[in-house]
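Work through these exercises on charged side-chain pairs. Keep the coordinates open as you go.

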Amino acid sequence: MMDWTDRHCRVFHRALTRGARLYTEMLTTGAVIHGDRSRLLGFDPCEHPLALQLGGSNPDDLAESARIGADYGYGEINLNVGCPSDRVKDGRFGACLMAEPELVARCVAAMKAVVGVPVTVKCRIGIDDQDPEVALDALARAVVAAGADGLIVHARKAWLNGLSPKENRDIPPLDYGRVYRLKEAMRDTPIAINGGVSSIEDAAVHLEQVDGVMLGRAAYQEPWRLLAVDHLIFGAPPPHRSMHEVIESIFPYIERERAQGTRLHAITRHLVGAFHGVAGARAFRRALAENCTGADAGLDQLREALSLVPQDAAVRVAA
Ligand SMILES: Cc1cc2nc3c(=O)[nH]c(=O)nc-3n(C[C@H](O)[C@H](O)[C@H](O)COP(=O)(O)O)c2cc1C
């Protein structure tokens, strides 16, 4: 998620679930081709399974970016056909591509031609005055015919005129039924659903209809929920029994990053929602804000913040 997630966030989330697939924020083809690649694309091997999300609409540039991403080791390349921001609209990519299924298909074919890893598409059910019954089918069928290995569908329209990107994540109504019908119509294509899924229990219910569930805001703002993913979704024991253990497990990563000049805050900013409704959660957040933001802040400050949450008060998950 642009401006929210980054590689540090993904290392934290990976300590919460081994099974879930993690996605980068959208990177434009311009950034991937011309930008500081190691800063933009570098990741820690522990982040796998990991997908790179690209934004663009030029088939050659997308192919080049997909190849670069696959060479970096990403296990899936995902094309964004869902982002509604003005910047994205001007560049003729993101959600406005819902109106150009043939172009998206050419983009997918170009990417598929140069990478061996799966190429997927994240889209909306439609935009503006499109009929979702028609628009989603047209896009899905075009990209699957071009070789797409699966779709993630944000189950609401984007209204490109008049709504801000934030409003476009809340105001157009959710229509999960539309995504279920797509799955019914395309039994052989992996379809994941996205939008407004606020708990792992709800994700499990969607999985009775579709092949995958993508969590956006809930995963970021309430990361403690992810500690239930491996148990409830994959039938595997959770990687750690408590949030304390999760955070302690990334201490070696934090130390390595600190040694390379990364500020503690770049990592701990993703921990703000780690504890929820338990004694000490507020004190933890305050300690992160007050003591973990300075240039010299390190593990001692983080340990101190953690000590404010009693071990037995924190979320624990049955192994
Ligand atoms: C701050 C922010 C940044 C986002 N950036 C991206 C992005 O880079 N790529 C993308 O596909 N979706 C992005 N999204 C949308 C989410 O992936 C997701 O589709 C949307 O929030 C609905 O799902 P949710 O209700 O689970 O959050 C972003 C959402 C937020 C809140």
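A salt bridge is a side-chain nitrogen of Lys or Arg within 4 Å of a carboxyl oxygen of Asp or Glu. The model used here is predicted. It holds 21 salt bridges.

**Exercise 1.** Decide how the side chains of Asp-6 and Arg-269 meet, then place both residues in the chain.

Solution.
- Step 1: The N to O distance is 3.5 Å. The cut-off is 4 Å, so the pair counts as a salt bridge.
- Step 2: Asp-6 sits in the segment before helix 1 (7-16). Arg-269 sits in the loop between helix 14 (264-268) and helix 15 (281-291). They are 263 residues apart, so the pair links distant parts of the chain.
- Step 3: Buried means under 20% relative accessible area. Asp-6 has 18% relative accessibility, so Asp-6 is buried. Arg-269 counts as partly exposed because its value is 30%.

**Exercise 2.** State which parts the Arg-10 and Glu-25 pair ties together.

Solution.
- Step 1: Their side chains form a salt bridge at 3.9 Å, N to O.
- Step 2: Arg-10 lies in helix 1 and Glu-25 in strand 1 (residues 22-28), so the bridge ties together parts 15 residues apart in sequence.
- Step 3: Both Arg-10 and Glu-25 are buried.

**Exercise 3.** Locate Asp-44 and Arg-256, and classify each as buried or partly exposed.

Solution.
- Step 1: The closest N and O atoms of this salt bridge are 3.5 Å apart.
- Step 2: Asp-44 is in the loop between helix 3 (37-41) and strand 2 (50-55). Arg-256 is in helix 13 (residues 251-259), 212 residues apart from Asp-44.
- Step 3: Asp-44 is buried because its relative accessibility is 15%. Arg-256, at 43%, is partly exposed.

Conventions
Residues are numbered from 1 along each chain as its sequence is written. This is a predicted model: local features need pLDDT of at least 70, side-chain atom pairs count only at pLDDT 80 or more; totals for chains, interfaces and linings use all residues. Side-chain values use heavy atoms; hydrogens and water are left out. Helices (H or I, at least four residues) and strands (E, at least two) are DSSP runs, numbered from the N terminus. Buried means under 20% relative accessible area, exposed over 50%, partly exposed in between (1.4 Å probe, protein chains only).
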